[in-house]
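Here are some remarks for a colleague going through this entry, taken point by point. Please read them alongside the sequence and the coordinates.

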Amino acid sequence: MTPTTDSRPLLRADAVSRRFGGLAAVKDVSVDLHQGQIHAVIGTNGAGKSTLINLLSGEIPVSAGRIELNGRDITRLAQPRRARHGVGRSYQRTTIFPSFTVLENCRLCAQAELQRPWALWESAGRCNQSLAIARQALHDAGLSDAASSLAGSMSHGKKRQLEIAMCLATRPRVLLLDEPLAGMGSEETERMLSLLESLKKEHAILLVEHDMDAVFRVADRITVMVNGTVIASGDPESIRSNDDVKVAYLGTH
Ligand SMILES: Nc1ncnc2c1ncn2[C@@H]1O[C@H](COP(=O)(O)OP(=O)(O)OP(=O)(O)O)[C@@H](O)[C@H]1O
């Protein structure tokens with residue numbers, strides 16, 4: 001069920017901006033992420049979408065604006081602390097450890113979140129808590145059957161699924177997903193879209209994605225960025241019929 005917009009957002013960005021020298025990569029952008037919703041951010045190359053994710057995840061600091069998680073100001077928290085408070089992210093490029101098994105990849109993420117860095121390399125069997133979390137993450141990401149496969153030997157689509165599982169192993173409440181469908185075939189895309197639909201029940205999801213068919217199918221809300229600014233935000237129907245969006249992004253009148 002899609003929540004009403006007056007329910008409290010899990011993550012809220014209020015007029016965030018980020019400059020790189022003379023370039024305003026993100027300008028006064030506000031977005032709300034609610035549990036039960038997929039909020040897609042679309043825009044042309046260089047529009048500022050990945051920078052926005054980096055600002056929300058804490059990878060880079062804002063130049064201006066405020067970010068709240070569940071009503072709490074997290075603007076000044078660095079990425080590791082935001083992650084511990086429930087902000088998880090995936091990256092545009094695959095970030096798995098290819099020579100480890102699928103389960104080990106997830107266990108390392110779970111262990112990092114449990115803050116036992118001194119135990120990072122101990123055998124999986126001895127670390128029951130992180131192992132249980134990792135197995136749950138694999139289950140939620142639909143990868144239980146691949147637990148003992150070498151991560152590097154899997155298909156591109158399964159690797160992207162593993163990245164989601166690794167993110168889930170940090171037990172986030174918010175998922176910031178940067179192009180999870182990139183490079184996928186149609187079958188892999190379908191599997192990922194079903195996964196996103198099931199994950200939104202328990203999470204607030206921000207989806208940056210270039211595959212417009214997919215975005216318009218799964219998004220509950222869409223924000224359109226051009227040159228660092230938001231030109232439109234609303235439900236998919238209102239975005240599809242928005243004249244500014246048609247001209248600036250979809251390329252039609
Ligand atoms: N670390 C950085 N230093 C300087 N400029 C940057 C940095 N990161 C991003 N930019 C610039 O900020 C602008 C926005 O980049 P960003 O990667 O956020 O766009 P995007 O919408 O994610 O693009 P794409 O769809 O191609 O991934 C671009 O002009 C980019 O060159």
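**Backbone outliers and the ligand shell**

1. In this predicted model, aspartate 28 is partly exposed, because 14 other C-beta atoms lie within 10 Å, a count that falls between the limit of 12 or fewer for exposed residues and that of 20 or more for buried ones. Aspartate 28 belongs to strand 2, and its phi is positive, at about 50 degrees, although the residue is not a glycine.

2. A second residue deserves a look for its backbone: alanine 15, which is not a glycine either, has a positive phi near 50 degrees. Alanine 15 sits in strand 1, which covers residues 11-20, and it counts as exposed because it has 12 C-beta neighbours inside 10 Å. As background to both points, most residues other than glycine have a negative phi.

3. Turning to the ligand, the residues around it are Phe20, Leu23, Ala25, Gly43, Asn45, Gly46, Ala47, Gly48, Lys49, Ser50 and Thr51. The elements that supply two or more residues to this shell are strand 2, spanning 23-33, and helix 1, spanning 49-57.

4. Which element gives the largest share of the shell around the ligand? That element is helix 1, with 3 residues.

5. By class, the shell around the ligand is made up of 6 polar, 4 nonpolar and 1 charged residues, where glycine is counted among the polar ones. Strand 2, one of the elements that contribute two or more residues to the shell, is also the strand in which aspartate 28 is found.

Note on methods: Residues numbered from 1 in each chain as written. Predicted model: local features only at pLDDT ≥ 70, side-chain atom pairs only at ≥ 80, totals over all residues. Near = placed C-beta within 6 Å. Helix = DSSP H or I, 4+ residues; strand = E, 2+ residues; numbered from the N terminus.
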